[in-house]
Amino acid sequence: MNAYAGYYLDEKKLKSSSSGGVASAIAEAIIDRGGIVYGAVYSEDFHSVLYGYAEKKNELWKFKGSKYVYVNKYVMKDGDKILVYKDVISEIKKERIVLFTGLGCDIAYLEKLVRKEAVDARKLFTIELMCDGVTDEIVQREFVLDIEKKYRTKVIDFNIRYKEEGWVPAYIYARFENGKEYKQLLSSSEYGFASLNYKKKACYECQFKGENHQGDIIAADFWGCRAGMKEYNQNGVSLILIQSDKGNILLNYLDREQFYLRKTDAQYALFCNPRYFTAHDRYEKWDLFDSIIRKKGLHKAVKVCAELSVPDRFTGVESNELVLWGTGRCFNQYVAMIKEMCSISLVVDSDEKKWGKELECGFICQSPNILKGKEDIFVLIMIENVSSAFQVANKLLDMKIGKFDHISNWLFYADMFEKV
């Protein structure tokens, strides 16, 4: 398999994309060739997600941004609600170039209908979005209604992967009719908790992993891409996996004056993107969360289930030596708070230039190698950058250290702990 890293060279377009913007860049190329593009869009009230289509470049904005929620399988066309698969096939029959961007399950069903109707699909191209599993649309609806109630006005723009400070960390962003704005770290939000733990049941048994991916191209965040690599851009990098000859055609459609593209190590890229191979394990409190959210709403479901998880998080700290890994901005921001809550035993960092040096907080920075062979430790990863944090997590697993958490996730539970 050939793998590429890429991103928009236009900074504005890059920042408005979830990662590097490869799906949008290919969509522009399809429209330049007279084609039509399908992808996920928010409903007018932002309570749900459905499919939309674009035939002009100035219509592509509605596809921007990740949607972590189930996508309804219909498209609105000339005021009518149409099954998106049938509409795609009708456009194929017109001998138009069609680009369909969706999840593996949606592409698989589209391909099944194409074969059933014996349609000549040589002009159909597909981009499969690497999927972590989608949450129920009740999460989207409840969250939007909640912030609308708080701000006493309607949402007119919504983004689940807003780039407030660059590619990471991700923020939820909403803009309201009255001009006010809402911003919150996704990882510390109720939406973030639900999207991580409350996925559609079928997602936990996803068939479209490993060798059974469906798209001509797979597009994903290149989480393993980090500063120092030639492929890196702090505002986002797309991972592009070529699955077919059509995938190579789409790659060649990219305007290299507008989009940076570089071949990368496929094995490394896949190692850093585990959802290529496997689906999430089912959340142990899924049934409880499902029952509560449908009866009492999102806020209550998160509150109850997060509180039930608090003892596990803090027993891990209280019964083990606490180690902080990372001494950058994230460390400096939270170390004082952590010291008030827990006793810190060690501070380590991957940068050997910092080893042996005293930090402003009084700790001596040490090499992570000191953790080898230790059993009774709990590690907090004090790194904002997702790709770097993921690398640390893998190193911990290689050291046979399974008790660790990321600071943003741990602080979410810390807040719940204070409320218990």
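In this predicted model, the largest nonpolar core comprises 55 residues, and those with the most contacts inside it are Val88, Phe100, Leu124, Phe158, Tyr191 and Phe289. Helix α5, covering residues 137-151, gives the most to this core, contributing 6 residues. Another core, of 47 residues, lies apart from it and includes Ala3, Tyr4, Ala220 and Leu251. Tyr191, one of the residues with the most contacts inside the largest core, touches Tyr68, Val69, Val139, Gln140, Phe143, Phe158, Ile160, Ile172 and Leu186, once residues up to four places away in sequence are set aside.

Helix α5 itself repays a closer look. Its 15 residues, at 1.5 Å a residue, should span 21 Å, and the end C-alpha atoms are indeed 21 Å apart, so expectation and model agree. The buried residues in α5 are Ile138, Val139, Gln140, Phe143, Val144, Ile147, Glu148 and Tyr151; of these, Val139, Gln140 and Phe143 are among the residues touched by Tyr191. At the N-terminal end, Asp136 acts as a cap on α5, with a side-chain oxygen placed 2.9 Å from the backbone nitrogen of Ile138. Just after the helix, Arg152 adopts a positive phi of about 55°. Thr153 follows in the loop between α5 and β8 (155-162). With a relative accessibility of 13%, Thr153 falls under the 20% limit and therefore counts as buried. Leaving out residues up to four places away in sequence, Thr153 touches Glu148, Phe176, Glu177 and Asn178, and Glu148 is itself one of the buried residues of α5.

The next feature is an open sheet of 10 strands, arranged in the order β5-β4-β3-β2-β6-β7-β11-β12-β1-β13 with mixed pairing. At its edges stand β5 (80-83) and β13 (259-264); each has a single partner strand, so one side of each is left without a neighbour in the sheet. On average, and ignoring direction, neighbouring strands of this sheet are turned by 30° against each other. Within the sheet, β2 (residues 36-42) and β6 (residues 98-102) run parallel and are joined by 3 bridges. Here Tyr38 stands opposite Phe100 in β6, and Phe100 is also among the residues with the most contacts inside the largest core.

Two helices accompany these strands. Helix α3 (residues 84-93) lies across β2, β3 (49-54), β4 (71-77), β5, β6 and β7 (124-129), and runs at about 50° to β4. Helix α4 (residues 104-116) packs on the sheet as well, touching β3, β4, β6 and β7, with its direction making about 155° with that of β7.

Further along the strand order, β7 and β11 run parallel and are joined by 3 bridges, with Ile217 in β11 serving as the bridge partner of Ile127. On β11 (residues 217-221) the cover is nearly self-explanatory from the count: 5 of its 5 residues are buried. In a regular strand the side chains alternate between the two faces of the sheet. In β11, Ile217, Ala219 and Asp221 point one way, while Ile218 and Ala220 point the other way, and all are buried. Ala220 also belongs to the core of 47 residues. The pairing of β11 with β12 (residues 238-242) is antiparallel and extends over 5 bridges; in this pair, Ala219 stands opposite Ile240 in β12.

Two further helix positions make a pleasant contrast. Asp32 sits in helix α2 (residues 22-32) and is exposed, with a relative accessible area of 54%. Its C-alpha atom is separated by 21 Å from that of Glu128, which lies 96 residues apart from Asp32 along the chain. Asn197, by comparison, is placed in helix α6 (residues 190-197) and counts as buried at 11% relative accessibility. A polar atom of the Asn197 side chain lies 3.0 Å from the backbone oxygen of Phe193. Neighbours within four places in sequence aside, Asn197 is in contact with Tyr204, Tyr283 and Trp286.

Finally, the model holds an open sheet of 5 strands, in the order β16-β15-β14-β17-β18 and with parallel pairing. Its edge strands are β16 (365-366) and β18 (404-406), each of which pairs on one side only. Strand β15 (residues 344-348) runs parallel to β16 and is joined to it by 2 bridges, and Val348 stands opposite Gln366 in β16.

Methods:
Residues are numbered from 1 along each chain as its sequence is written. This is a predicted model: local features need pLDDT of at least 70, side-chain atom pairs count only at pLDDT 80 or more; totals for chains, interfaces and linings use all residues. Side-chain values use heavy atoms; hydrogens and water are left out. A nonpolar core is a set of buried Ala, Val, Leu, Ile, Met, Phe, Trp, Tyr and Cys residues joined through side-chain atoms within 4.5 Å. Buried means under 20% relative accessible area, exposed over 50%, partly exposed in between (1.4 Å probe, protein chains only). Helices (H or I, at least four residues) and strands (E, at least two) are DSSP runs, numbered from the N terminus. Contact means heavy atoms within 4.5 Å. The expected span of a helix is 1.5 Å times one less than its number of residues. A polar contact is a pair of N or O atoms within 3.5 Å; within protein, one must be able to donate a hydrogen and the other to accept it, and residues adjacent in sequence count only if both atoms are side-chain atoms. Two strands pair if DSSP finds at least two bridges between them. Axes are lines fitted to C-alpha atoms, for helices over the stretch in contact, and angles run from 0 to 180 degrees between N-to-C directions.
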